[in-house]
Amino acid sequence: MLGHPWVFDSDVLTGSDTPAEPAVVRVQGLNGALLGYGLYNPASKIRVRMVTRHDQPLTAALFIERTGAAINLRHEVAAGYEAFRVINSEADGLPGLTVDKYGPYLVWQHHAAALTPFLPAISDALQAAYRPIGILARNDSPVRALEGLPREVAVMHGTVPELLSYVEGGLTLLAAPYTGQKTGAFLDQRKNHVLAGTLARGRALDMFSYHGGFALHLARRAEQVIAVDASTAALAHLNRAAAANGLSNLTTVESDAFSYLRAQADAGERFDIVVLDPPAFAKGRDHLPAALAAYKEINLRALKLLGVGGRLCTASCSQHVSEADFQAMLKEAASDARRVLRLVARRGQAPCHPELLNMPETRYLTFIAVEVIDVF
Ligand SMILES: C[S@@+](CC[C@H](N)C(=O)[O-])C[C@H]1O[C@@H](n2cnc3c(N)ncnc32)[C@H](O)[C@@H]1O
């Protein structure tokens, strides 16, 4: 296990003492030595999600303590932000639970059946700390079906409106907690949104905009911003947020990003900054070559839109694409586009989405900002 918190089905010897239903279990090695306690589910390939490696039976008090530690960490790493992730599953010692905070609202996603008896204690601890107006359980992820849990979206406490507005880097952004992606917005990019805004000028292009996490920040400094996404609903929210911020230099385009970029490159269009933040192209390890080819295609086309001094902010949220693979792809795209790129920043997800070094899958986001310093 070497510190990785999952025990897979193939690692478990089933016997008369293995529970038939999701339960808290004591885990021991073949030699009988105690490995710790975890959340067991006989229906899941992830048979046990370890909670502790000590002789410490799982109690509500332990989960309350973990919730308190997660909240304290955010006081440090999310200071000055209204919206951030409060609980990030295994990385906060609370496997199978993520909780995002949007101002006075919390949105949570739960997908470990054996954690269920402890949810009221965790919810009470969150309520005591944040006094939220409402908590939404956004429990519609397909992972719930793998755990034998029903898929549902329900208000757990108070009231939660259809759209939540929150301030990020001085701008009002919108989250759609019931229907939007993730818990309604992309809080993992919050620091990268702000950084891209500081790099903006002239003509800006934000590809895969969603609600405009990048586009709105670009619009504060750029003269003109074009935001492209395939989703009508996402762009409607972006336009609403632009109006709320009094930003009139932003135009939305509903289009497939691949064909839009191709058309712009073919037409010889030029931009001063381009942002690429596509959905995860590699859903599994087998998709890696196809995903890298797709990343290369959009990065190559985006680079062709930039002259000397132009900036590219490019991201991958594919857990299976390492930072090294992504950077190698970008280097190839730069050679093919005949651009020399200087690194401005190389980053990951915001620190309210902490990573466990023992669990590489908790690091999934790569964000690279570069400047074109020569075209040859
Ligand atoms: C990772 S999200 C973008 C998040 C956004 N940049 C932010 O920081 O808030 C990916 C977006 O890509 C859009 N999308 C997916 N496939 C697309 C395609 N082929 N063309 C255009 N948009 C696409 C989705 O609708 C979604 O809004």
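This is a short talk on the sheets, the core, the ligand shell and a few single residues of one predicted model.

Hi everyone. Please keep in mind throughout that we are looking at a predicted model.

Let's start with the sheets. A quick reminder for anyone new: strands of a sheet pair through backbone hydrogen bonds, either parallel or antiparallel. Going along the chain, we first meet an open sheet of four strands, in the order 1-4-3-2, and its pairing is antiparallel. Strand 1, residues 6-8, and strand 2 sit at the edges, so to speak, each pairing on one side only. From one strand to the next, the twist averages 35°.

Let's zoom in on strands 2 and 3. Strand 2 covers residues 23-28 and strand 3 covers residues 34-40, and six bridges hold this antiparallel pair. You can trace the pairing yourselves: Ala23 is opposite Tyr40, and Val25 has Gly38 as its bridge partner. Between the two strands of this hairpin there are five residues, and in the hairpin Gly32 has a positive phi near 90°.

Now the other sheet. It is open too, with five strands in the order 5-6-7-8-9, and here the pairing is mixed. Its edges are strand 5, residues 83-88, and strand 9, residues 152-158. The average twist between one strand and the next is 20°. Strand 5 pairs with strand 6, residues 97-102, in the antiparallel sense, over five bridges. Ala83, for example, faces Tyr102 of strand 6.

Next, the inside of the protein. The largest nonpolar core has 102 residues, and Ala215, Leu218, Val225 and Val274 are the ones touching the most other members. Which helix gives the largest share of this core? That is helix 8, residues 288-304, with seven residues. To get a feeling for the packing, pick Val225: leaving out residues up to four places away in sequence, it touches Ala204, Asp206, Ala215, Leu218, Ala219, Asn249 and Leu250.

Leu199 is worth a look as well. This residue belongs to helix 4. Is Leu199 buried or exposed? Leu199 has 21 other C-beta atoms within 10 Å, and 20 or more is the cut-off, so it counts as buried. Beyond its neighbours within four places in sequence, Leu199 is in contact with Ile273, Arg311, Cys313, Val344 and Ala369. Leu199 and Leu218 are 19 residues apart along the chain, and their C-alpha atoms are separated by 7.9 Å.

On to two residues with a positive phi that are not glycines. One is Lys182, with a phi of about 50°. You will find Lys182 in the loop between strand 11, residues 171-175, and helix 4, residues 190-199. Lys182 is partly exposed, because 18 other C-beta atoms lie within 10 Å of its own. The other is Phe208, whose phi is near 60°. Phe208 lies in the loop between strand 12, residues 203-207, and helix 5, residues 215-219. With 19 C-beta neighbours inside 10 Å, Phe208 is partly exposed too.

Phe208 also takes us to the ligand. Of the 19 residues around the ligand, Phe208, Tyr210, Gly213, Ala257 and Asp277 come nearest. How many residues of each class make up that shell? There are eleven nonpolar, five polar and three charged residues.

That's my tour. Thanks for listening!

Methods. Residues numbered from 1 in each chain as written. Predicted model: local features only at pLDDT ≥ 70, side-chain atom pairs only at ≥ 80, totals over all residues. Near = placed C-beta within 6 Å. Nonpolar A, V, L, I, M, F, W, Y, C, P; charged D, E, K, R; others polar. Pairing = 2+ DSSP bridges. Axes fitted to C-alpha atoms, helices over the stretch in contact; angles between N-to-C directions. Core = buried A, V, L, I, M, F, W, Y, C linked by C-beta atoms within 7 Å. Buried ≥ 20, exposed ≤ 12 C-beta atoms within 10 Å, placed from the backbone. Contact = placed C-beta atoms within 7 Å.
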